[in-house]
Amino acid sequence: MKVAILGVGTVGSEVANILIKNKDIILARAGVSIEPVIGLVRDTSKKRGVQIPLSSDARSIIERDDIDVFVELMGGVEKPYEVVSEILKRKKAVVTANKALLAYHRYKLQALAGDTPFGFEASVAGGIPIIKTLREGLSANRIEKIIGIVNGTSNFILTNMMQKNEKFEDALKRAQELGYAEADPSFDIGGFDAAHKLLILASIAYGVHGDPEDILIEGIEEITQEDIYFAREFDFIIKLLAVAKRACDNKVELRVHPALISKDQMLSKVDGVMNGVSIYGDCVGESMYYGPGAGGSATASAVISDLIDIARDNKNPMLGYKILPSENFMQILPSEQIRTKYYFRLRVRDEKGVLAKLTNIMSLNDLSIDSFLQKPKLKTDEEVTLFFTTHTCCEKDIKRAISVISGENFITQKPFMIRIES
């Protein structure tokens with residue numbers, strides 16, 4: 001089986017090298033040899049550390065009749081979509097690690113692919129076989145909930161804030177120095193990378209349509225050491241979570257945001273750049289998947305697993321359904337209808353009557369306080385930090401209460417809220 005690698009960067013070079021280095025074991029498992037024969041690059045003069053011919057002419061590669069599978073590792077959205085669409089129209093198999101491409105165009109690509117193999121295991125959680133788990137291993141289950149830590153950059157930053165008392169800015173700088181964060185880290189720390197991955201998982205689990213702009217996305221940029229202080233006091237850990245949860249009326253919650261989780265939950269142990277995903281099925285209950293979420297070797301491993309599946313002539317439907325039952329055309333629940341528990345931090349003037357005013361505002365907005373903490377202050381401070389958590393309530397009520405509180409003259413900083421995921 002001849003393979004073209006469209007984009008020979010960190011992952012692409014690993015794919016080529018692993019296919020050559022491990023060709024014997026891959027042959028034994030696939031039943032046929034899998035041979036990388038050409039790679040697409042922008043600059044052919046740059047050394048890539050690979051033993052395959054390189055070309056900058058995409059057209060000449062796409063039109064080759066001897067290529068059996070095209071591995072798309074170009075990055076971006078629209079250009080890869082054009083390239084992959086043309087390949088699928090030629091009835092040639094595709095493997096991709098491009099989560100952004102799938103977040104926006106997965107259903108169009110599924111329609112184009114038809115019975116042509118299309119693998120995308122590497123698009124979510126790197127070295128964790130989470131796509132195969134959902135599409136095959138748990139195929140007998142109605143999926144009730146998926147909760148995942150699927151962005152290693154944010155997880156590394158939050159781990160350092162929790163365990164090493166680093167400020168957000170210092171933890172981000174450390175991540176950049178170690179190569180875990182880009183020079184512009186906004187895609188990772190803003191939650192957008194995790195949102196793309198969540199949409200892919202939700203499509204397999206629920207048949208849900210939607211773009212990243214249709215779901216709730218919040219990042220970790222505003223988390224401070226005061227939030228870390230509260231988390232420790234109440235035995236919580238802060239993680240950036242991707243959450244898909246079956247709701248009422250044939251709807252599903254899709255949201256990405258920092259969350260407080262109990263330190264006893266399995267996901268709380270997923271630290272550093274590692275990823276972890278918990279899936280709750282109606283038959284199997286909870287199952288947990290853990291492993292490296294990024295990196296050249298881990299992602300290449302997932303790419304090659306798809307190549308081996310194609311070589312074995314596995315004809316799995318791209319998004320997991322040969323026939324999509326009407327009940328699985330689930331709609332995305334509007335974010336204001338989300339129901340969960342909440343934590344919020346308030347910086348207020350140290351004066352009488354503030355707490356009574358706050359509890360009255362919350363009561364008027366259908367909020368029930370579960371716990372309260374006031375951070376000790378220095379004698380010279382004229383302000384104090386207050387922390388509240390609520391019982392389960394509706395997102396729209398929290399947003400309304402925060403809007404009212406923000407307008408009070410005793411508030412000295414914008415209120416900050418984090419959801420609690422139990």
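Trainee: At which residue does UniProt place the feature "binding site" that lies in helix α5?
Mentor: This is a predicted model. The label comes from a UniProt record, an unreviewed entry. Look in helix α5. The "binding site" residue there is Lys99.

Trainee: Is Lys99 buried, partly exposed or exposed?
Mentor: The relative accessible area of Lys99 is 23%. Buried means under 20%, and exposed means over 50%. Lys99 falls in between, so it is partly exposed.

Trainee: Which residues does Lys99 touch, leaving out those up to four places away in sequence?
Mentor: Contact means heavy atoms within 4.5 Å. Sequence neighbours up to four places away are set aside. That leaves Ser123, Asp193, His196, Lys197 and Ile200.

Trainee: Let's follow His196. Where is His196, and is it buried or exposed?
Mentor: His196 sits in helix α10. Its relative accessible area is 5%. The cut-off for buried is under 20%, so His196 is buried.

Trainee: What is His196 in contact with, beyond its neighbours within four places in sequence?
Mentor: Lys99 is one of its contacts. Start there, then add the others. The full set is Lys99, Ala100, Ala103, Tyr104, Phe187 and Pro212.

Trainee: Which other residue does UniProt list for "binding site", in the loop between α8 and α9?
Mentor: Again the source is an unreviewed UniProt entry. Helix α8 covers 168-177, and the loop runs between α8 and α9. The residue listed is Glu182.

Trainee: Is Glu182 buried or exposed?
Mentor: Its relative accessibility is 54%. Exposed means over 50%. Glu182 therefore counts as exposed.

Trainee: Now the largest pocket. Which residues lie nearest its centre?
Mentor: The lining has 40 residues. Two of those nearest the centre carry the UniProt label: Lys99 and Glu182. The full set nearest the centre is Val11, Lys99, Glu182, Asp193 and Ala294.

Trainee: How much space lies in the largest pocket?
Mentor: A probe the size of a water molecule, rolled over the atoms, shows where empty space is left. For the largest pocket, the space comes to about 1100 Å³.

Trainee: Which helices each supply at least two residues of that lining?
Mentor: We have met two of them. Lys99 lies in α5, and His196 lies in α10. The helices are α1, α5, α7, α9, α10 and α12.

Trainee: How does the lining of the largest pocket split by class?
Mentor: Gly is counted as polar in this scheme. Asp, Glu, Lys and Arg count as charged. The lining has 15 nonpolar, 18 polar and 7 charged residues.

Trainee: Which domains each give at least three residues to that lining?
Mentor: The assignment gives domain 1 (2-127), domain 2 (132-291 + 324-335) and domain 3 (338-420). Now apply the three-residue condition to the pocket. It picks out domain 1 and domain 2.

Trainee: How far apart are the C-alpha centres of domain 2 and domain 3?
Mentor: These two domains do meet. In all, 22 residues of domain 2 are in contact with 18 residues of domain 3. Their C-alpha centres lie apart by 25 Å.

Trainee: Which residues line the largest cavity?
Mentor: The count is 1 cavity of 30 Å³ or more. Its volume is about 30 Å³. Strand β14 gives the most to the lining, with 3 residues. The lining is Glu226, Arg345, Leu346, Arg347, Thr385, Gln413 and Lys414.

Trainee: Which residue in the loop between α7 and α8 has a positive phi without being a glycine?
Mentor: Its phi is near 55°. It is partly exposed, with a relative accessible area of 49%. The residue is Asn165.

Trainee: What is the phi of Asp366?
Mentor: Asp366 lies in the loop between α13 and β15. At 57% relative accessibility, Asp366 is exposed. It is not a glycine, yet its phi is positive, at about 65°.

Trainee: How far apart in space are Gln331 and Ile237?
Mentor: Gln331 lies in strand β13. The pair are 94 residues apart in sequence. From C-alpha to C-alpha, the distance is 31 Å.

Methods: Residues are numbered from 1 along each chain as its sequence is written. This is a predicted model: local features need pLDDT of at least 70, side-chain atom pairs count only at pLDDT 80 or more; totals for chains, interfaces and linings use all residues. Side-chain values use heavy atoms; hydrogens and water are left out. On a 1 Å grid over the protein atoms alone, a cavity is a set of points where a 1.4 Å probe fits but cannot get out, and a pocket is an open set with protein on both sides within 12 Å along at least five of seven lines; lining residues have an atom within 4 Å of a point. Grid points are joined across faces, edges and corners, and a volume is the space filled by probe spheres set on the points. Helices (H or I, at least four residues) and strands (E, at least two) are DSSP runs, numbered from the N terminus. Domain bounds come from an automatic or database domain assignment. UniProt positions are given in the numbering used here, feature names are shortened, and annotations may be inferred rather than shown by experiment. Buried means under 20% relative accessible area, exposed over 50%, partly exposed in between (1.4 Å probe, protein chains only).
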